[in-house]
Amino acid sequence: MSCKKDKVDGSINKAYIGGEIINPNSDYIVIKKADIPLDTVRLNHQNRFSYTLTNFEPGIFGFFDGREFQNFLIESNDSLMLRLNTLDFDESLVYVGKGAKENNFLMEMYLLNEEEDEKILDLGQKTSKEFDSIYRASRDLKLKKLDRIKRKTETSNLFNEIAEASIYYEYYAHKELYPLANYKISELDAFKSLPRDFYAYRESIDYNNVNLKDYSPYISFLRFHFNNLALQKHFTHSNDSVYNKLDIHYNLDKLDLIDKKVSNEDIKNSLLRFVIGQFISVSKSPEDYDAMLKSFKEKSTNNSDKERVSQFVCSYKRLSPGNKIPEVKLLNTADKEVSLHGLIKKPTVVYFWSKGNKNHLISSHKRVKELNVKYPEFNFIAINIDVISYKQQSDIIAKYDVRLHNEYRFKAPRQAKETLFIEPIQKVFILDKKGEIVNAKANMFGIGFEQELLGLLNQ
């Protein structure tokens, strides 16, 4: 009987992930799968956490510390321990335990890929042959590193596939980006100048790899790939010769190509959602929204996505330039209700912050402090989007040593966030003195932000 009790049930799939976070951004870690939160794990007094996965599908998972996100691979019976310092997040991340060698290798590839990504604009000016030679040499060096790992460690087929994907798809992504990175000539001329075999690998692309559907090198490649395919197709039936990411016909081509080439619903829906989200969040042509939405709804099989994107479109139509910003109720520092409309007496900038995004909280307040000095003609209004009390709000502001001035919070956060469609948190409203929207998608850190402010003052 005692032997029976000690016997391990081999039918139960288990693994462990834990570790220590130095200089944590929050007091919790969120474990995710396919960008869906699985659980929130609290840090103890030593800033450590532990989490056990049971009956799970081995593959790519992720963790979010309240500010940054990183992937990890976990398989049956793995026992992973990580250690990182948030001041140097990715570079400091190391693993020990069963599964550590595989994850440390994937992190090494991640950091090498990041370095290469930063060089692509410079390398994009080289000839296609020189460009390919540089990235092919890098690919081969990474493959040799992988081969050494495989000789020393009995690696799984899943790891081998993911590790090879981190190498090959990064190489392919750079080749897809080459015509866009070469600013010496138009994109059309860049395509025409490519060798015939430059995209030979496209013949062997697996558009439906379930093991890679949550892995960023694979998904990033597919996004770049469909951008390129659509652009090449767009050039065949238009008079354009340069890349315009907001051209409605180009974006419709992109949705069509994804629909034709991808059959896996998770991958297809993810790509479709990304394309329409990018277009609508940047485009200033509400007349194009309906065409994109119609095409998206015909192709997506995710009803939740369809509903969400429909709301997205309705919100941005309501927030088009020239419309008055919708009325929402706020609470001031005395816990008294005030109306947003009542605060607008002159040209106004409305920005938002959340306790869950420490970096944006600090940087946005510091930026507004600078802007307030340069543009006293404007009113700068800060709104917290969390469900918190005034004391909590003021404690957070005091903790990060940012100003407590023109600070408000929503009376009904969930409803207000939907009304103003605050996604992402970095979005900023520029309003004229009547409360009419000049830009509902402004970026206070963007190059043209101050020009927008000056343009409004000069009207």
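Helices here are DSSP runs of H or I with at least four residues, numbered from the N terminus. With that in hand, here are the close-ups of this predicted model.

**View 1. Three helices contribute to the lining of the largest cavity.** Helices α7 (216-236), α8 (248-261) and α9 (265-282) each bring at least two residues to this lining. If you would like to label the side chains, the lining consists of Arg-223, Phe-226, Asn-227, Lys-254, Ile-258, Leu-271, Phe-274 and Val-275. Sorted by class, five are nonpolar, one is polar and two are charged. The volume of the largest cavity comes to about 50 Å³, and a search of the whole structure turns up two cavities of 30 Å³ or more.

**View 2. The second largest cavity holds about 40 Å³ of space.** At least two of its lining residues come from each of α4 (128-152) and α5 (157-181). Around the second largest cavity you will find Glu-116, Tyr-135, Ser-138, Arg-139, Lys-142, Ile-167, Glu-170, Tyr-171 and His-174. This lining divides into four charged, three nonpolar and two polar residues.

**View 3. Strands β2 and β3 form an antiparallel pair.** Six bridges join β2 (residues 28-33) to β3 (residues 36-42). For one of the partners, look at Ile-29, whose bridge partner in β3 is Val-41.

**View 4. The hairpin of β2 and β3 has two residues between the strands.** Here, Ala-34 is the residue to pick out: its phi is positive, near 55°.

Definitions and conventions
Residues are numbered from 1 along each chain as its sequence is written. This is a predicted model: local features need pLDDT of at least 70, side-chain atom pairs count only at pLDDT 80 or more; totals for chains, interfaces and linings use all residues. Side-chain values use heavy atoms; hydrogens and water are left out. Two strands pair if DSSP finds at least two bridges between them. On a 1 Å grid over the protein atoms alone, a cavity is a set of points where a 1.4 Å probe fits but cannot get out, and a pocket is an open set with protein on both sides within 12 Å along at least five of seven lines; lining residues have an atom within 4 Å of a point. Grid points are joined across faces, edges and corners, and a volume is the space filled by probe spheres set on the points. Ala, Val, Leu, Ile, Met, Phe, Trp, Tyr, Cys and Pro count as nonpolar, Asp, Glu, Lys and Arg as charged, and the others, Gly among them, as polar.
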